[in-house]
Amino acid sequence: MGLILIIIPLRRPPRLLARAAHTRVWSRGRCFQSVLIHVQTLWELMLLGEPVVVMAPSPAASSEMVLALTSCLAPLKYCCDYRPYFTIHDSEFKEYTTRTQAPPRVVLGVTNPFFVKMLQHWPHVLRLGDLKMAGDLPKQVKMKKPAKLKSLEAKPGLYTSYKTYLQKDKTLIKRLLKGIHKKRSSEALSALLRCHLLELTQSFIIPLEQYLASLMPLRRTISPWKNPPQIRPFHQEDFLKTLEHAGPQLTCMLKGDWMGLYRRFFRSPNFDGWYRQRHREMVRKLEALHLEAICEANIRAWMKDKSEVEVVDLILKLREELMRARCHLLPVKEETLQRVDQYITTIVGSLPEDLQAVLCHQ
């Protein structure tokens with residue numbers, strides 16, 4: 001009996017499809033039209049990594065909204081999980097619907113009415129209705145208590161008890177609603193909203209970046225003969241003390257409890273992800289500056305009163321620095337790396353032949 005080969009076409013993973021669609025979300029920009037009055041609330045929920053469910057009438061609508069939400073923090077990276085289209089067949093279904101533990105930090109996009117009952121315990125639920133034809137003024141969904149999300153007939157709205165830290169920008173909302181009423185293109189309205197969220201995120205991040213930069217060791221403290229100095233630790237209370245004179249109020253007109261927002265942000269995966277990435281970049285910068293300091297140093301003068309053990313130790317350290325620079329692609333010019341390589345060759349050549357043979361075979 002011959003074998004029958006059944007070929008099943010491979011599907012792209014949902015997360016890969018989601019990443020590919022990110023660039024298309026903001027170009028259309030219609031998904032936010034019915035929730036404009038809640039944009040800043042949603043921005044805060046994303047910033048803090050809160051668990052959010054998006055209940056939409058179709059997979060396309062749920063995916064578009066989830067991707068728009070996770071993109072609204074740019075240039076800050078959203079570091080929590082997200083599922084643009086989540087179904088009862090997903091492996092995490094039991095984990096996400098259980099009531100015995102707090103919901104995970106994830107944004108779910110769902111369409112099955114079954115989830116209305118199964119996800120009532122989630123703290124933030126955004127229920128969307130059908131979008132009207134382009135040019136129509138969509139009805140803005142209201143803010144409602146989570147307890148009101150009890151039946152399949154629940155109306156569109158944002159179901160949450162969350163209290164925002166910042167006041168709403170009513171002027172922006174009026175401009176956007178007026179633009180919809182006058183049938184301005186969705187691209188133009190999307191650009192206006194994206195610009196607002198970008199400026200809001202930058203106002204929030206700039207004080208953090210400035211404080212982090214102050215933790216970087218001064219260049220004059222970097223010695224070519226010692227390991228690079230350590231970056232000072234990030235102390236949250238010290239940072240909060242800087243807000244009075246260098247806080248978001250310098251670049252943002254919105255009033256509110258910025259300090260409270262920062263305190264809660266510190267407990268979110270987004271802060272952890274931002275800090276880890278920036279700390280890695282600072283370490284790489286320190287290593288690059290250390291290599292530059294080595295190139296500017298007088299190696300021969302240093303070697304005059306040093307023992308063979310100290311010289312060999314320097315060679316090994318320089319080789320390690322050089323390898324790390326090339327493997328980690330440090331921000332160092334190639335001529336700097338070549339100069340360090342020449343220094344190693346020069347130092348090795350100054351040693352006895354037996355030591356040179358040993359070092360050359362390492």
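How many helices and strands does the secondary structure of the protein chain come to? The answer is 15 helices and 6 strands, where helices (H or I, at least four residues) and strands (E, at least two) are DSSP runs numbered from the N terminus.

Before going further, let me say that this is a predicted model, in which local features need pLDDT of at least 70 and side-chain atom pairs count only at pLDDT 80 or more, while totals for chains, interfaces and linings use all residues. Residues are numbered from 1 along each chain as its sequence is written, and side-chain values use heavy atoms, with hydrogens and water left out.

To start with the chain as a whole, 45% of its 362 residues are buried, and by buried I mean under 20% relative accessible area, with exposed being over 50% and partly exposed in between (1.4 Å probe, protein chains only). Of the contacts with a separation of 6 or more, 75% are made by residues 24 or more positions apart, a contact being heavy atoms within 4.5 Å.

Let me turn to the salt bridges, of which the structure holds 9; the term stands for a side-chain nitrogen of Lys or Arg within 4 Å of a carboxyl oxygen of Asp or Glu. One of them joins the side chains of arginine 83 and glutamate 92, at 3.1 Å from N to O, and both of these residues are buried. Arg83 and Glu92 also belong, together with Asp81, to a network of salt bridges.

Another salt bridge, at 2.7 Å from N to O, pairs the side chain of arginine 219 with that of glutamate 292. Because arginine 219 lies in the loop between helix H7 (186-214) and helix H8 (236-241), whereas glutamate 292 lies in helix H11 (residues 269-296), this pair ties together parts that are 73 residues apart in sequence. Arginine 219 is partly exposed, with a relative accessible area of 49%, and glutamate 292 is also counted as partly exposed, at 21%.

A third example is found within a helix: lysine 317 and aspartate 313 meet through their side chains at 3.6 Å, N to O, and both lie in helix H13 (residues 308-327), 4 residues apart, which is about one turn of the helix. Lysine 317 is partly exposed at 37% relative accessibility, and aspartate 313 is partly exposed at 38%.

H13 comes up again in the second largest pocket, since the largest share of that pocket's lining, 8 residues, comes from this helix. H11 and H13 each supply at least two residues of the lining, which is made up of 23 residues, with Lys226, Asn227, Pro228, His290 and Glu321 lying nearest the centre.

Now to helix H7, which has 29 residues and reaches 42 Å from its first C-alpha to its last, close to the expected 42 Å, the expected span being 1.5 Å times one less than the number of residues. H7 nevertheless bends by about 30° at isoleucine 205, and proline 207 follows within four residues; the bend is the angle between axes fitted to the seven residues ending at a residue and the seven starting there.

Finally, threonine 41 has its place in helix H2 (residues 39-47), where this threonine is buried, with a relative accessible area of 1%. Leaving aside residues up to four places away in sequence, threonine 41 touches Met143, Leu158, Tyr162, Thr164 and Lys168.

Conventions. On a 1 Å grid over the protein atoms alone, a cavity is a set of points where a 1.4 Å probe fits but cannot get out, and a pocket is an open set with protein on both sides within 12 Å along at least five of seven lines; lining residues have an atom within 4 Å of a point.
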